[in-house]
Amino acid sequence: MAAALAPSTPVISTVRPFVDGIRVDWFRGPVTATASAPTAYRITRSSASGDDTVQIPASMYDGYGQYNDDSAQTAGPVSYTVTAVNSGGESAPTAPTGDVSRVPWPGPYEGARSVLVAVWDQASAVTDDLDSVEVDGPALQYPVNGSRAFGSDWRHSMDEVRVPDGTYDVGSGEGQLPLGVRAGTSCDNPTGSATVTRTAYALAGPASQSVDAELDCGNGHHLSLRFRWRTADPYGLPRLTGPAVAQAAPGASSTTTATVRNDGTAPVDVTSVQLVALPDGAPSGLAATGGTCIGAPLQPGATCDVAVAFTPAAGAVKESRALVALGTAQGVVEAGVAVGQLDGLGQPAPTGVSSPRGLRLTWSPPSSLATSVKSYRVEQLVGDDVTLVATVSAAQVAGSSWLRDLGGVATGDHRYRVVLETSDGRDMPSPWATVAVPESWLILGTSKGALPVNPDQGWSVGGTFGYASPSSSRFPMSMGFDPRRGSLLAVVGDGYGGYITRMTPTTNTGSTASSTYAPHMADVSPDGTRALVVRPRVTRGSEVVEPGGIFFLDAASSSMTEVATTAGLSSPRWLPDGSAFLAVADDGKSIVRVDLGTGARSTVLEDTGISGLAISRTGRISFVRADGWYDQDIVETTATGSGRRAIASYTYPGVLRYDPTGRYLFVGAHQYTQGEASHVYDLSSTTVRLVATLPLASDAAWWDPVSSAPQVTTNLPAWTTTTPSVALTATDPDDAVGGLPLRCRLDGGQWSPCSSTWRPGTLAPGAHTADVEATDPAGITSTTPLAWQVDGAAPSATLAALPTATLTSPLKLSWTATDTGGSGLNGYDLRYRRASPTSSFGSWSTAGTGLSTKSATLSVSRGYHYCVAVRARDTAGNVGAWTPERCTSVAGDDRSLTASRSWVRGTSTPALDKTVTRSVTSGAKLTRTGVTGRRIGIVATTCSTCGSVDVYLGSTRLGRVSLASSTTRYQQTRWLTQLTATRTGTLSIRTTSNRAVSIDGYLVAH
């Protein structure tokens, strides 16, 4: 690119003074082969006090430049030069302008107003807007018919008056003032006179001006004009403080009071009040019936009243409107509008439709409205507070129907209304409309696209989900809810071919996986990481075009992996814990459990003609069974077959889908389904209820965008051992347990994955804390804090001593125990073992577990030898060691001994079991064969005349026992010397003389 050349010198065109500065305009110098275009201009202001310079960019308009110098002082003249600048250099400066000074101005004026007051000789019934308007602010200056004007809109304005102060004839001739006024009715080419005062201009436009004119509009009407632009010159301005609205039912009557206030700065004499019906095509029914405005001047700021009666005709269907016209000395002032509104024919309530896309309100203006709609306010009632939600202007609406999309809102009931803002200044609020936003929608896959159904609003169908309409002949054939809440996974196809896509409320994300022949997406895993997809087996001759079977679709990679040996299976559904899935076997006679890795099958339940399957979040199973072509039932049960019940019976039901909570069951339909409609059943009570009949749908998915937080429960006690095992249960109202992974951390340490049984390892005694975190597929987490104490010491027990011989049952036991670990004693275990007279000890048997007291009784058998031990438990779960065993021998009754002829069987109350065996013959024997033991004893009666016995075990004489005593004693035990080893043989008790011997029983110890 060639280097820039210095620009040529610009040419100053005008220098104009204003009240707040000086404006300099110039033209760029010529651009030639030796002079490039400028990129900036340097303006130098010269005065008696010196030079000031400023540089500004070159104007975007080619060849023209302008500078508003608002820093020029009012004192003393100034002159200007302009120099063009670019990267190649700068031009010579222009010749200095002549001296110029800022225009002196006495403003701004205190109490200044900007008002246009138009007073006709009579009211003009062509507009419902005020003819007397505030026009404050330069923003209200705008071009009208090519010239700048002042006013509030195109019907209430006055063309700019650019003349010096003075009195002028009004007209279009030479020396006349061409004045154009629009005040309801145009007065574009009037004649008359006008006085202009206080005219001053600023850099941004007029700084001040007053115009007073008396005009003949050429149509037989006279117009008095008072224009005040930021001046304080007096004027009168009577007008209503707001529309006068009377409300009555057709055929009835009502009266309202309209308030007139003088908003001007001069008094106004009101001489008459009349209502002029506006040309709305309806009978007026309005009349001014009195008031306080006539009779005294209305001072600035003061008010008076006008009584307005409204008597609509019977059968009236349109409101009435009229101008309130106030007669004054200057003419008729159109002060405002009176309106007769019809009861019951106001703004109707909006219709609200919620869908996953958001909430939409639609409404129409009332047919009774006689004026135009300016805008609507959409308001919401929250508690007792009314809040503004949105404003909809008339420019935003095409046609007669209004709508507003409010986007996504929280679940629950919402109350909205619309407030009609009319062009005549009224507010007409509608009744409140309630819109229910459910926690979940049912999304139907139909030939018209994915249609949302609102369960909380009468199962109404409204709006769309994903794309606005189906593409050609393809539509959502099968859908599954992704528990991560971001989208639905859908098969879009036509029955012959299709693709899998993710659908959000407003978009489709495109093809995830495609197939020449339409796949059937059955179910998304509880954690959302993969889906089960059924692909049909397709062959062409001997060529396998599609392998068929059940495939895993990976959510991250969109890759498909075949599940082994699943060809022929249908309707796969994940188990709630995600460990496997159920499917309908290829013969339709059973539902099988399928291993995720091997595809191995195991039968869960059997029936006839099974053709559909659904599993709830909690593991309930619904399926379609058939006894024939037409007799088909929907049945709900469990994997074990318990709680079976019938849901419905009809011909050819379609796909089954539970909602996330398990309360509702959707039953799809196709063209052959009885009634050609889909259905929803409420399963929350023992009696199943049909709650919705919906359009035909090939499949459906429950869209549950707001996930409930999971919860974790645990059985952790206040005390544990050093190796606790903590059971953790994660639940979620709208997610299956397979989508709720757990993390645990101990004592504020690192997080690590944990399962339903958490074993944190060996812990030191003392206080410990833990946190358990459950996360649902949508990423919502909840943390459950745990705190407990560890008892590291097992308790100990001491069993009280037992007698060597026991004559009665039950055996009484007692013990003591201590716990040093801190958790406290919490029960005792008791065990025993025994040996019969003819055998050795058996294994230990439990006499009690978790006993709450430190004593117990044990029922014992005659002739047996018993050994007992006890141990203590503490609250933490520590179990102490068994105490050393304590043993006792229970006496065997004399009746269990075989007696020779010299013995006599008798009874005796004081005797053991009230029986006794007596002999007075020497050498008499009592025997029992097969006795095994280390020590033998006898139970007998002793007396002063009693004899003695020899005791043998086998051929070994164990010793002689004397039964002599000074007094008679019953149930006396006598032990023989203990053997060095257990011996087995016949127990023999032999008398040694003819003295009396009474044997009560025997004892065997091991």
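Colleague: Hi! How many nonpolar, polar and charged residues are in the lining of the largest pocket?

Modeller: Hi! This is a predicted model, and in it the lining of the largest pocket has 18 nonpolar, 15 polar and 4 charged residues.

Colleague: Thanks. How much space lies in that largest pocket?

Modeller: About 880 Å³. The lining comprises 37 residues, and the closest to the centre are Met477, His520, Val655, His670 and Ser698.

Colleague: Which strands supply at least two residues of that lining?

Modeller: Strand 35 (441–446), strand 38, strand 42, strand 48, strand 52 and strand 56 each do. The largest share comes from strand 48, with 4 residues.

Colleague: OK, on to enclosed space. How many cavities of 30 Å³ or more does a search of the whole structure find?

Modeller: The search finds 2. In the largest cavity there is about 490 Å³ of space. Its lining has 27 residues, with Phe481, Asp523, Val524, Ile615 and Tyr658 closest to the centre.

Colleague: And which strands each supply at least two residues there?

Modeller: For the largest cavity, those are strand 38 (475–481), strand 42 (520–524), strand 48 (570–574), strand 52 (612–615), strand 56 (656–658) and strand 60 (699–703). By class, the lining of this cavity divides into 17 nonpolar, 3 polar and 7 charged residues.

Colleague: What about the second largest cavity, how much space is in that one?

Modeller: About 50 Å³. It is lined by 12 residues, and the closest to its centre are Leu489, Arg502, Ala531, Leu553 and Ala555. Strand 43 (530–535) and strand 46 (549–554) are the elements that give two or more residues to this lining. The classes there are 5 nonpolar, 2 polar and 5 charged.

Colleague: Changing topic: how many salt bridges does a search of the whole structure find?

Modeller: It finds 45. One of them joins Glu636 and Arg645, with the closest N and O atoms 3.0 Å apart.

Colleague: Is Glu636 buried or exposed?

Modeller: Glu636 is buried, at a relative accessible area of 3%.

Colleague: Got another one, say with Glu885? What does its side chain meet in a salt bridge?

Modeller: The side chain of Glu885 meets that of Arg833, at 3.0 Å from N to O. Glu885 is in the loop between strand 75 (865–874) and strand 76 (886–890), whereas Arg833 is in strand 72 (residues 825–835), so the pair ties together parts 52 residues apart in sequence. Glu885 counts as partly exposed at 32% relative accessibility, and Arg833 also counts as partly exposed, at 22%.

Colleague: Which residues do salt bridges with shared partners join into one network?

Modeller: Arg377, Glu379, Arg417, Glu421 and Asp427. Within it, Arg377 bridges to Glu379, their closest N and O atoms being 3.3 Å apart. Glu379 is buried, with 8% relative accessible area.

Colleague: Back to strands 72 and 75. How many bridges join them?

Modeller: There are 9, and the two strands run antiparallel. Asp829 stands opposite Arg871 in strand 75.

Colleague: What order do the strands take in the open sheet there?

Modeller: The order is 70-76-75-72-73, making 5 strands with mixed pairing. Strand 70 (805–806) and strand 73 (845–851) are the edge strands, each pairing on one side only.

Colleague: And strand 69, which of its side chains are buried?

Modeller: In strand 69 (residues 796–799), Ala797 and Leu799 point to one face and are buried, while Ser796 and Thr798 point to the other face and are not. In general, the side chains of a regular strand alternate between the two faces of the sheet.

Colleague: Where is the bridge partner of Ser796?

Modeller: In strand 71, where Ser796 has Thr818 as its partner. Strand 69 and strand 71 (residues 811–818) run antiparallel and are joined by 4 bridges.

Colleague: Last one: where does Gly937 lie?

Modeller: Gly937 lies in strand 82 (residues 935–942). Gly937 is buried, with a relative accessible area of 0%.

Colleague: What does Gly937 touch, not counting residues up to four places away in sequence?

Modeller: Gly937 touches Arg974, Trp975, Leu976, Tyr1002 and Leu1003. As for Glu773, 164 residues away along the chain, its C-alpha atom is separated from that of Gly937 by 68 Å.

Methods:
Residues numbered from 1 in each chain as written. Predicted model: local features only at pLDDT ≥ 70, side-chain atom pairs only at ≥ 80, totals over all residues. Heavy atoms only, no water. 1 Å grid on protein atoms, 1.4 Å probe; cavity = no way out; pocket = protein on both sides within 12 Å on 5 of 7 lines; lining within 4 Å. Points joined across faces, edges and corners; volume = space filled by probe spheres on them. Nonpolar A, V, L, I, M, F, W, Y, C, P; charged D, E, K, R; others polar. Buried < 20%, exposed > 50% of the residue type's maximum accessible area, 1.4 Å probe, protein only. Pairing = 2+ DSSP bridges. Salt bridge = Lys/Arg side-chain N within 4 Å of Asp/Glu carboxyl O. Contact = heavy atoms within 4.5 Å.
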